[in-house]
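Me: Could you take me through one part of this model up close, the sheet and what sits around it? I'd like a connected walk rather than a list.

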Amino acid sequence: MFSRFSILSIKVGTLLILSGGFSGTAGATNFDESKVGHYTLPDVLTANDGTRITNSAEWYSLRRPEILEAYRDHIFGRSPQPGTNVTFHVWETATNALNGIAVRKQVEINFSGTTSGPIAHLLLYTPANQSAVPTFLCLQFNGNYTVDPDPGIAIFPELNPKSGLHEMPTNPRRGAAARNWKIAETLAHGYGVAFIDYREIEPDLPHGAGMPYGVRKNFPAPNAGDWGAIGAWAWGVSRALDYLETDKNVDAKRVILFGFSRLGKTALWAGAQDTRFAAVIANCSGEMGAALSRRDYGETVNDILARFPYWMCGNFQQYSNHWDRLPVDSHMLISLIAPRPLFLNTGSDDRWSDPHGEFLAAQAATPVYELLGRTGITETNFPPLDHLLLHDLSFNCHTGKHDILQTDWDDFLIFADHIFQTQK
Ligand code: GCU
């Protein structure tokens with residue numbers, strides 16, 4: 001497909017001789033725009049049988065379902081229905097949290113309703129004396145005690161992969177990741193904010209070793225085509241939304257799902273499948289998130305397959321070196337969120353995640369937003385850094401690295417204010 005693959009096959013050949021097995025390792029990462037190569041994206045508005053999609057009825061009845069099926073069959077796998085007896089236990093409601101500005105709730109989500117769990121913990125802040133508020137549901141990487149120094153946030157045992165046991169973290173640092181959030185400002189804007197540690201849905205361990213400890217253990221063992229870890233995390237966050245639907249402090253029809261990096265990929269896939277999510281923010285989601293896979297820039301399909309094959313479904317393996325054969329590309333993942341608002345945030349130094357590839361995908365998904373009467377990316381050129389393109393499909397590239405910055409939250413709040421004011 002790309003000229004780089006002839007070089008790659010030599011490298012792989014060398015590896016074959018050295019290691020006696022295919023490593024799946026890609027060649028040197030390309031960060032040179034002039035070497036991206038040529039590619040043709042599948043047309044998001046042409047159905048598999050060649051039908052040109054010209055109205056929303058055709059989109060919903062024909063094209064959208066087949067794109068969703070392609071993602072299930074080839075990319076992330078097929079997630080089950082809620083299926084197990086998921087239970088929620090609101091074990092704390094503190095009405096005077098964060099110096100009186102918030103109600104804090106802590107909720108145990110038991111994904112099987114039995115002692116074998118797994119169990120995740122949802123932390124929810126809503127503005128004091130308000131009910132039915134729109135809410136950010138944030139997938140995040142660590143125990144909830146890291147999001148804020150609030151001494152009321154419970155600290156729970158975490159899986160020790162070596163022992164297979166849950167143990168209390170040693171020297172937990174409250175608020176260690178507080179710089180990634182803007183909880184007080186979010187509350188001041190009239191929004192709730194909820195957090196869930198994705199490792200409690202399923203631990204993210206090399207070679208998929210987390211599966212016996214996560215939600216997939218409660219379903220039959222996966223075959224090729226069944227769901228990968230991203231599918232599991234997406235399934236779990238939909239169960240968190242099931243809980244939010246029962247909480248009168250939250251307007252569950254106005255929940256914005258947020259995820260960063262691999263959790264940005266997860267947020268996109270969760271939002272694609274579960275249309276109850278009112279909007280999605282995918283921060284630096286990169287390869288197999290919002291960045292185009294056919295572009296040979298930064299992380300590639302091969303890289304994902306080399307390091308994180310267990311994130312994906314079994315059928316995805318066949319696309320190593322064959323990105324042009326993928327039945328979809330990321331503009332189609334984006335199109336599955338339409339017409340619901342979506343914000344793609346990227347970082348200028350985050351070349352691994354290919355910010356330009358995310359911008360091009362957003363442009364390529366724009367005809368779907370427009371078909372459904374919403375606004376997409378009308379701008380021709382990649383915007384100046386830190387210049388928010390505010391639409392139903394929004395885009396920004398912050399100055400800086402792969403990160404969630406304080407200034408990003410300023411933009412996320414502008415986005416939320418915009419979508420909830422214009423779409424009441
Ligand atoms: C790695 C991986 C990315 C992923 C990131 C993360 O860098 O290659 O695809 O987005 O981890 O989740 O932090």
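**A close look at the sheet and a buried helix**

Reply: Let's begin with a helix. In H6, the buried residues are Leu 263, Gly 264, Lys 265, Thr 266, Ala 267, Leu 268, Trp 269, Ala 270, Gly 271 and Ala 272. Keep in mind that this is a predicted model. That list covers 10 of the 12 residues of H6, so the helix is largely enclosed by the rest of the structure. Its length checks out too: H6 runs over residues 262–273, and at 1.5 Å a residue it should span 16 Å, which agrees with the 17 Å between its end C-alpha atoms.

One helix that packs against H6 is H2, residues 56–75, with the two axes 11 Å apart and an angle of about 135 degrees between them. That angle makes H2 oblique to H6. As for handedness, the crossing of H2 and H6 is left-handed.

Now for the sheet. It's an open one with 9 strands and mixed pairing, and the order reads S1-S2-S3-S7-S4-S8-S9-S10-S11. S1 and S11 (393–398) stand at the edges with a single partner strand each, so one side of each has no neighbour in the sheet. Going from one strand to the next, the twist averages 15 degrees.

Start at the S1 edge. S1 (residues 87–97) runs antiparallel to S2 (residues 102–110), and 8 bridges join the two. To get your bearings on that ladder, find Thr 87, which stands opposite Asn 110 in S2. The hairpin of S1 and S2 has 4 residues between the strands, and Leu 98 there takes a positive phi near 50 degrees.

Move along the order to S7, and you reach a strand that is well covered. S7 takes in residues 192–197, and 6 of its 6 residues are buried, so it is largely enclosed by the rest of the structure. Both of its faces are covered: one side has Gly 192, Ala 194 and Ile 196, the other has Val 193, Phe 195 and Asp 197, and all of these are buried.

The neighbours of S7 show the mixed pairing nicely. With S3 (residues 119–127), S7 runs antiparallel, joined by 4 bridges. Here Tyr 125 stands opposite Val 193 in S7. With S4 (residues 133–140), S7 pairs in the parallel sense instead, over 6 bridges. On that side Asp 197 of S7 is the bridge partner of Gln 140. So Val 193 and Asp 197, which both lie on one buried face of S7, make handy markers for the S3 side and the S4 side.

Further along, S8 (residues 250–260) and S9 (residues 279–283) also pair in the parallel sense, over 5 bridges. Ile 256 has Ala 279 in S9 as its bridge partner.

Last, the cysteines. Searching the whole structure turns up 0 disulfides. Why does Cys 397 have no bond to Cys 284? The sulfur in Cys 284 is the closest cysteine sulfur to that of Cys 397, but at 8.1 Å it is too far for a bond. Cys 397 is buried as well, with a relative accessible area of 2%. Another cysteine to look at is Cys 313, which is buried with a relative accessible area of 1%.

How values were computed
Residues are numbered from 1 along each chain as its sequence is written. This is a predicted model: local features need pLDDT of at least 70, side-chain atom pairs count only at pLDDT 80 or more; totals for chains, interfaces and linings use all residues. Side-chain values use heavy atoms; hydrogens and water are left out. A disulfide is a pair of cysteine sulfur atoms within 2.5 Å. Buried means under 20% relative accessible area, exposed over 50%, partly exposed in between (1.4 Å probe, protein chains only). The expected span of a helix is 1.5 Å times one less than its number of residues. Two strands pair if DSSP finds at least two bridges between them. Axes are lines fitted to C-alpha atoms, for helices over the stretch in contact, and angles run from 0 to 180 degrees between N-to-C directions. Angles under 35 degrees count as roughly parallel, over 145 as roughly antiparallel, 65 to 115 as roughly perpendicular and the rest as oblique. A crossing is left-handed if the near helix is turned anticlockwise from the far one by less than a right angle, and right-handed if clockwise.
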